[in-house]
Amino acid sequence: IKNPILLELFGKLAKRKNRLITKALKNVRHAGVEVTPLELLRAEKSITIVKLRKYLLERKLIKINDATDSSLVQILDEWKHSLPTSQECISIIHQCGGLAFLAHPKLLHKSDLELQIMLKQLKAWGLDGIEVIHPMHSLEDIEKFKQWGTQMGLLYSGGSDYHGYGDHYEVERRKMQEKGIFIPYSYIVNMKSVLECNNERK
């Protein structure tokens with residue numbers, strides 16, 4: 001990443017994240033549980049407060065709502081409050097010359113009405129598009145999200161949500177291929193067209 005805006009933002013977030021993870025590990029040690037970052041990384045593939053809590057709960061090293069768990073939830077809340085808001089994210093993406101999309105709306109676990117209200121608010125803040133094709137989206141979901149996108153003047157996007165070999169969407173991706181569901185190149189063409197228009201206005 002070479003964009004100075006993103007470098008500054010990610011730098012601040014990385015420092016904040018590292019401070020909070022250090023604080024979380026310290027709280028766990030004070031409770032008499034020793035977990036090293038390397039141990040957590042080997043078990044969970046990444047070092048986050050969410051993964052630390054999951055690791056401890058699954059091994060019954062802490063209990064839900066006990067003092068240590070409550071401290072981890074509080075630290076997690078601190079992290080969430082340090083993240084940019086949806087409106088700020090859209091603004092940052094635009095400042096960097098990009099397009100802002102709402103990813104996999106079905107996974108937000110909201111009702112259709114709640115999703116439509118959210119989309120209208122995000123659109124008012126400058127949202128450019130919606131991810132209509134995703135391994136967890138049914139054919140009915142795809143058509144529904146496309147219809148909403150058309151009604152609200154949003155671009156379409158799609159993705160495999162691939163996070164590496166053996167990730168949790170491997171079966172769903174195979175089903176997509178079997179059903180002949182692929183991302184139309186026209187989605188990219190439309191995105192490029194909007195970006196070109198945005199650049200001409202500058």
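At what angle do α1 and helix α4 (residues 67–82) pack, and how far apart are their axes? The angle is about 175°, and the axes lie 10 Å apart. That makes α1 roughly antiparallel to α4, since an angle over 145 degrees counts as such. This is a predicted model.

## Overall layout

The chain has 202 residues, and 30% of them count as buried. Its secondary structure comes to 9 helices and 3 strands. Along the sequence the pattern reads α-α-α-α-α-β-α-β-α-β-α-α. The C-alpha atoms fill a box of roughly 55 × 45 × 35 Å along the principal axes. Among contacts with a separation of 6 or more, 68% join residues 24 or more positions apart.

## Helix packing

Two packed helices are described by the angle between their axes and the distance between the axes. Three pairs are set out here.

| Helix pair | Angle between axes | Axis distance |
|---|---|---|
| α1 and α3 | roughly 20° | within 10 Å |
| α1 and α4 | about 175° | 10 Å |
| α6 and α7 | about 35° | 11 Å |

Take α1 with α4 again. Here α1 and α4 pack at about 175°. On the α1 side the contact uses L13, R16, K17, L20, K23, A24, N27 and V28. On the α4 side it uses T68, S71, L72, I75, E78, W79 and S82. By class, this contact has 7 nonpolar, 4 polar and 4 charged residues.

Helix α1 (residues 4–30) also meets helix α3 (residues 49–58). Their axes cross at roughly 20°, so α1 and α3 are roughly parallel to each other. The crossing of α1 past α3 is right-handed. From α1, the contact draws on L20, I21, A24, L25 and V28. From α3 come I49, L52 and L56. The class split is 8 nonpolar, no polar and no charged.

L20, A24 and V28 of α1 appear in both contacts: with α3 and with α4.

The third pair is α6 (112–124) and α7 (139–152). Helix α6 passes α7 in a right-handed crossing. The contact takes D112, L115, Q116, L119, K120 and K123 from α6, and K144, F145, W148 and M152 from α7. Its classes are 5 nonpolar, 1 polar and 4 charged residues.

## The sheet

Strands of a sheet pair through backbone hydrogen bonds, either parallel or antiparallel. Which sense applies to the sheet of 3 strands, and in what order do they lie? The sheet is open, with the order β1-β2-β3 and parallel pairing. Its edge strands are β1 (101–102) and β3 (155–158), each pairing on one side only.

Strands β1 and β2 run parallel and are joined by 2 bridges. Strand β2 (residues 129–133) pairs with β3, also in the parallel sense, over 4 bridges. I130 of β2 figures in both pairings. The bridge partner of L102 is I130, and the bridge partner of I130 in β3 is Y156.

Is β2 enclosed or open to the outside? 5 of the 5 residues of β2 are buried, so β2 is largely enclosed by the rest of the structure.

## H134

H134 is found in the loop between β2 and α7. Its relative accessibility is 1%, so H134 counts as buried; the cut-off for buried is under 20%. Leaving aside neighbours within four places in sequence, H134 is in contact with H104, L107, G159, D161, Y169 and M176. G153 is 19 residues from H134 along the chain, and their C-alpha atoms are separated by 20 Å.

## Two positive phi values

Most residues other than glycine have a negative phi. Two loop residues depart from this.

N65 has a phi near 75°, a positive value in a residue other than glycine. N65 lies in the loop between α3 and α4. At 63% relative accessibility, N65 counts as exposed.

H109 is not a glycine either, yet its phi is positive, at about 55°. H109 sits in the loop between β1 and α6. With a relative accessible area of 69%, H109 is exposed.

Notes. Residues are numbered from 1 along each chain as its sequence is written. This is a predicted model: local features need pLDDT of at least 70, side-chain atom pairs count only at pLDDT 80 or more; totals for chains, interfaces and linings use all residues. Side-chain values use heavy atoms; hydrogens and water are left out. Axes are lines fitted to C-alpha atoms, for helices over the stretch in contact, and angles run from 0 to 180 degrees between N-to-C directions. Angles under 35 degrees count as roughly parallel, over 145 as roughly antiparallel, 65 to 115 as roughly perpendicular and the rest as oblique. A crossing is left-handed if the near helix is turned anticlockwise from the far one by less than a right angle, and right-handed if clockwise. Contact means heavy atoms within 4.5 Å. Ala, Val, Leu, Ile, Met, Phe, Trp, Tyr, Cys and Pro count as nonpolar, Asp, Glu, Lys and Arg as charged, and the others, Gly among them, as polar. Two strands pair if DSSP finds at least two bridges between them. Buried means under 20% relative accessible area, exposed over 50%, partly exposed in between (1.4 Å probe, protein chains only).
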